[in-house]
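Open the model in your viewer and keep the selection panel at hand. The tour goes stop by stop.

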Amino acid sequence: MDGWIVPPPKEPTKTKEAFEQERREKVRWLIEEGYLRSERIVQALLTVPREEFIPTPYRDYAYLEVPLPLPGEQATISCPHSYPLFYEPLGLDEGHRLLEVGTGSGYGAAVAREIVGPTGLVVTMEIDPVTYAFAKNNLTRLGYTDVLVVLGDGGQGYPECAPYDRICVTAACREAPPPLLAQLKPGGRLVGPVIEEGIQYLTLFEKRDEGLIRQRLDAVLYVNLRGRYGTGP
Ligand SMILES: C[S@@+](CC[C@H](N)C(=O)[O-])C[C@H]1O[C@@H](n2cnc3c(N)ncnc32)[C@H](O)[C@@H]1O
């Protein structure tokens, strides 16, 4: 959470209607700011109640542009603009098989499930058992029972459901973990924060016939990837 100012925990006071209003305003803002373009992503963000994925003491801050703490070690729910920031360049669409590395709250997986629809598949992996249990409970409570939530090191991927059309890594790594690139379909895309000279850049990889194409996007700030391909303690 270095670099972000997290608002103080408090008793939640906002109503369902107030959250719905904030959600609509947030989507309008994301479009105006140029983060959000695709209709399926717009509809997904309007559908998923982000506040339901946030621990009670931070619930009222659901639509603030700040990552909020989650149960577990170093886990956060990313700020609202992060989701179109990742899913737009990924070109996430109906029918895709997506692997998400870093489930966090489960919110990103729920948004992805709305985008890929019933003909697609969302597999999400979380390394922290406490965070995993929190996300699994959130997704089940909200009816996202067909999202496959896996407890394990996402850097190693999940070969059981590979190959994937799209892979989204939500924690910073030194390089795209090789098992993830191996589990990507030809023509598939992977997006995630990659550290270059101490700065994290959201980076898009595309697996083409001629090789792996790499494109550096915005500078970002995410928690570090843990596990075998992690960035250290
Ligand atoms: C920025 S948070 C993800 C936010 C999440 N997408 C959401 O919508 O709430 C990054 C998550 O990655 C998890 N993580 C870190 N290293 C991991 C690894 N090797 N495998 C799986 N999850 C990992 C962290 O525990 C944390 O929950």
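**Stop 1: two helices side by side**

Helix α1 makes a right-handed crossing with α2. Keep in mind that this is a predicted model. Select residues 16-32 to light up α1. Then add residues 39-47, which form α2. The axes of α1 and α2 lie 9 Å apart, at an angle of about 155 degrees. Angles over 145 degrees count as roughly antiparallel, so α1 and α2 fall in that class.

Now show the side chains where α1 meets α2. From α1, pick Arg23, Arg24 and Val27. From α2, pick Val42, Leu45 and Leu46. Colour this contact by class: 4 of its residues are nonpolar and 2 are charged, with no polar ones.

Stay on α1 for a moment and click Glu25, which lies in this helix. Is Glu25 buried or exposed? Glu25 counts as exposed, because it has 11 C-beta neighbours inside 10 Å. Draw a line from Glu25 to Glu210. C-alpha to C-alpha, the two are 43 Å apart in space, and 185 residues apart in sequence.

**Stop 2: the other partner of α2**

Keep α2 on screen and add α4, residues 107-116. The axes of α2 and α4 come within 8 Å. What is the angle at which they cross? It is roughly 135 degrees, so α2 and α4 are oblique to each other. Here too the crossing of α2 with α4 is right-handed.

Select the contact residues next. α2 brings Arg40, Ile41, Gln43, Ala44, Leu45 and Thr47. α4 answers with Val111, Glu114 and Ile115. By class, the contact of α2 with α4 has 5 nonpolar, 2 polar and 2 charged residues.

Leu45 deserves a second click. It is listed in the contact with α1, and it is listed in the contact with α4.

Move on to Thr47, also in α2. Thr47 is partly exposed, because it has 13 C-beta neighbours inside 10 Å. Try a distance from Thr47 to Arg24: 9.7 Å between C-alpha atoms, across 23 residues of sequence.

**Stop 3: a covered helix**

Select residues 82-90, helix α3. How many of its 9 residues are buried? The count is 7, and α3 is mostly covered. Highlight them: Ser82, Tyr83, Pro84, Leu85, Phe86, Tyr87 and Leu90.

Centre the view on Tyr87. Tyr87 counts as buried because it has 26 C-beta neighbours inside 10 Å. Leaving aside residues up to four places away in sequence, Tyr87 touches Ile41, Leu92 and Ile115. You have met two of these names already: Ile41 in α2 and Ile115 in α4. Tyr87 and Ile41 are 46 residues apart in sequence, yet their C-alpha atoms are 7.8 Å apart.

Step past the end of α3 to Gly91. Its phi is positive, near 65 degrees.

**Stop 4: around the ligand**

Now turn to the ligand. How many residues surround it? There are 28, and the closest are Gly102, Gly104, Gly108, Gly154 and Gly227. Elements that give two or more residues to this shell are β2 (76-77), α4 and β4 (121-126). Colour the shell by class. You will find 10 nonpolar, 14 polar and 4 charged residues.

**Stop 5: backbone details in the loops**

Three loops complete the tour.

Find the loop between β1 (68-69) and β2, and select Gln74 there. Gln74 is not a glycine, but its phi is positive, about 55 degrees. Gln74 is partly exposed, because 14 other C-beta atoms lie within 10 Å.

Next, go to the loop between β5 (148-151) and β6 (164-169), where Pro163 sits. Look at the bond that joins Ala162 and Pro163. This peptide bond is cis, with omega about 5 degrees.

Last, select Glu197, in the loop between β7 (184-196) and β8 (199-208). Phi of Glu197 is positive, near 50 degrees, in a residue other than glycine. Is Glu197 buried or exposed? Glu197 is exposed, because 5 other C-beta atoms lie within 10 Å.

Conventions
Residues numbered from 1 in each chain as written. Predicted model: local features only at pLDDT ≥ 70, side-chain atom pairs only at ≥ 80, totals over all residues. Axes fitted to C-alpha atoms, helices over the stretch in contact; angles between N-to-C directions. Helix = DSSP H or I, 4+ residues; strand = E, 2+ residues; numbered from the N terminus. Parallel < 35°, antiparallel > 145°, perpendicular 65-115°, else oblique. Left-handed = near helix turned anticlockwise from the far one by under 90°. Contact = placed C-beta atoms within 7 Å. Nonpolar A, V, L, I, M, F, W, Y, C, P; charged D, E, K, R; others polar. Near = placed C-beta within 6 Å. Buried ≥ 20, exposed ≤ 12 C-beta atoms within 10 Å, placed from the backbone.
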